[in-house]
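Please look through the sequence and the structure shown below. The paragraphs that follow lead from the arrangement of the chains to some of the details inside them.

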Protein chains: 2
Amino acid sequence: VAEPKGIAIVGTGLLGGSIGLGLRAAGYRGRRLGVGRRQQTLEKAAARGCIDSGTCHLSDAAREADLMVLATPLGQFDEVLARLADCQHAGLVVTDVGSVKGSVCAKALELLPHGNLFVGSHPMAGSERQGPDHAQADLFRGRPCILVPGRADEAAVAMVRWLWRTLGMRLLEMTAPEHDLRVAAISHLPHAAAAVLLCNAAEAGAFDVASSGLADTTRVASGDPELWADIFLHNPTAVSRQLESYGQNLQRLRQLIDRRDRPGLANFLRASKQSRDDWLARTTLPPESGE
Amino acid sequence: VAEPKGIAIVGTGLLGGSIGLGLRAAGYRGRRLGVGRRQQTLEKAAARGCIDSGTCHLSDAAREADLMVLATPLGQFDEVLARLADCQHAGLVVTDVGSVKGSVCAKALELLPHGNLFVGSHPMAGSERQGPDHAQADLFRGRPCILVPGRADEAAVAMVRWLWRTLGMRLLEMTAPEHDLRVAAISHLPHAAAAVLLCNAAEAGAFDVASSGLADTTRVASGDPELWADIFLHNPTAVSRQLESYGQNLQRLRQLIDRRDRPGLANFLRASKQSRDDWLARTTLPPESGE
């Protein structure tokens with residue numbers, strides 16, 4: 001695959017900034033163009049070395065780039081895709097970093113003049129911290145990235161694969177519904193579970209006795225509430241279904257406790273521990289940066 | 001408070017070993033006596049510097065010590081207290097590290113000849129890792145420790161306070177029921193929530209796309225299943241009640257999603273984030289050692 005000569009990064013916050021830093025660290029020689037709404041964020045991103053130059057005009061970046069990565073919050077995707085509809089040329093491959101794929105891929109196919117050049121991506125990396133100040137060159141390294149090629153041209157898919165591999169990611173490919181179901185289970189549901197744990201802690205007035213167990217279990221809940229409201233509402237069916245089965249599984253555990261069924265309880269906990277330990281043993285997740 | 005001349009640590013695993021290391025690091029000059037069932041664990045603990053000497057005979061350690069810390073898994077407490085009933089002398093203050101206080105304090109008062117020298121403790125520190133190999137001198141530093149003095153003699157309470165303060169802990173005092181309720185909310189419930197999240201991930205076949213969000217949210221579920229079965233069954237009423245209200249709070253969140261109520265959803269997530277951020281801003285939790 002030929003490297004793209006210019007890569008436009010729309011949204012130079014944590015994820016967009018980290019893409020820029022990661023590309024530079026990997027020796028990418030082409031141009032890294034930042035696109036943002038505020039000049040100040042672009043200047044900060046440029047000062048940190050995340051991008052080579054920045055512009056507030058999407059069409060300027062589209063003209064110069066042959067790969068564009070949409071790295072804004074999910075709630076801005078429709079607007080960005082609408083603006084991109086006016087300036088996507090037949091050589092501009094487009095991908096994104098959105099946490100939901102069904103709604104995003106459908107919108108891209110609906111709005112873009114060259115929908116065959118759109119490849120959905122979901123790099124499974126991030127942090128509860130925001131902004132280019134927290135961007136890291138190795139944010140993506142060793143983590144999974146889900147590609148949703150759909151019916152995109154093979155050359156477009158190859159270019160997007162090149163991007164994430166260059167950033168050190170482990171690629172998986174699936175359909176948008178498969179993505180949205182699985183990610184509901186391992187990302188959207190855990191976020192909901194963490195947010196609700198904090199309700200219980202608050203209701204019990206128990207924060208003064210809490211320690212690292214609660215801090216870890218709820219880390220994700222310090223993420224941006226607006227972003228997460230959008231994520232849930234872009235994937236409401238799968239999230240609601242996960243919440244339903246989570247409630248049923250919690251009820252199973254509760255019954256074991258109510259019945260004082262020690263062997264059953266130990267089996268339940270052992271199966272969970274085993275599935276987690278097995279997963280971490282076969283994966284290559286780098287250590288967390290933590291709080 | 002006069003320092004105890006000898007401290008017996010019953011159970012020299014992660015917590016007991018860390019108590020021993022922490023005492024030495026704090027300059028404690030008295031004798032640190034390890035008590036264990038297996039000679040091998042005691043030798044390992046001694047080799048790591050967690051204890052000065054070890055014995056398999058509780059009565060030997062009881063004779064030499066004026067403070068004894070029960071740091072075995074919760075499931076062994078009844079047996080240890082029964083054996084201690086035969087050898088507690090009128091100068092031996094006893095405390096513990098158990099995650100539940102109601103059942104433990106009641107048993108101590110029932111069995112010990114000098115129940116007025118028993119002070120319940122719950123140092124809020126630990127790890128999903130086990131054994132003296134993972135003991136750390138600073139495991140307790142900066143973390144909360146809940147004391148349940150009950151009707152213990154003031155001198156006994158003072159000695160137990162000395163212990164945890166020497167290890168750098170922030171002390172809180174409350175009754176056993178208050179402890180069990182609050183800890184159900186911030187420790188037992190989060191453990192249950194994490195274990196059940198792993199059921200959902202397994203049922204969705206989604207571990208291959210999971211990343212650090214799931215790893216953090218479920219870290220505690222890699223703890224010892226036998227120990228946690230015992231913890232839940234020593235505090236079944238409070239845990240069951242927390243699971244019930246957790247289910248109701250999850251249902252509230254689910255309804256906001258089902259109704260596509262974006263402002264309501266953002267408010268819910270904002271309140272959770274705020275309570276977590278406020279808590280961490282006013283606490284002094286040291287950074288996690290992590291995975």
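**From the axis to the interior**

T217(A) is the residue of chain A that comes closest to the rotation axis, its C-alpha lying at 2.0 Å. The model in which this axis is found is a predicted one. A turn of 180° with a shift of 0.0 Å along the axis lays chain A on chain B, and the RMSD is then 0.0 Å. That is why the two chains can be described as related by a two-fold axis. Both copies use the same surface, for 99% of the contact residues of chain A recur in chain B.

The next stop is a helix of chain B. Helix 5 of chain B covers residues 102-111, and its buried residues are V104(B), C105(B) and A108(B). These residues lie on the same side of helix 5 of chain B because the arc they cover around the axis is only 95°. What lies over them? The cover of the buried residues of helix 5 includes helix 4 (77-84) of chain B, together with strand 5 (93-96), strand 6 (118-123) and strand 7 (144-148) of that chain.

Empty space inside the protein can also be traced. Rolling a probe the size of a water molecule over the atoms shows where such space is left. In the whole structure, the search finds one cavity of 30 Å³ or more. The largest cavity holds about 30 Å³ of space. Which residues line the largest cavity? The lining consists of F77(B), D78(B), L81(B), S103(B), V104(B), K107(B) and H234(B). Helix 4 and helix 5 of chain B are the elements that give two or more residues to this lining. Sorted by class, the lining has three nonpolar residues, two polar residues and two charged residues. V104(B) thus appears in two places in this account: among the buried residues of helix 5 of chain B and in the lining of the largest cavity.

The last part of the tour turns to chain A. Helix 10 of chain A, residues 236-258, contains L256(A). Is L256(A) buried or exposed? With a relative accessible area of 14%, L256(A) is buried, since buried means under 20%. Leaving aside residues up to four places away in sequence, L256(A) touches D261(A), G264(A), L265(A) and F268(A). T12(A), by contrast, is 244 residues from L256(A) in sequence, and the two are 49 Å apart in space, C-alpha to C-alpha.

Technical notes: Residues numbered from 1 in each chain as written. Chains lettered and ligands numbered in written order. Predicted model: local features only at pLDDT ≥ 70, side-chain atom pairs only at ≥ 80, totals over all residues. Heavy atoms only, no water. Buried < 20%, exposed > 50% of the residue type's maximum accessible area, 1.4 Å probe, protein only. Helix = DSSP H or I, 4+ residues; strand = E, 2+ residues; numbered from the N terminus. Arc of directions from axis to C-beta. Contact = heavy atoms within 4.5 Å. 1 Å grid on protein atoms, 1.4 Å probe; cavity = no way out; pocket = protein on both sides within 12 Å on 5 of 7 lines; lining within 4 Å. Points joined across faces, edges and corners; volume = space filled by probe spheres on them. Nonpolar A, V, L, I, M, F, W, Y, C, P; charged D, E, K, R; others polar. Least-squares fit on C-alpha atoms with pLDDT ≥ 70 in both.
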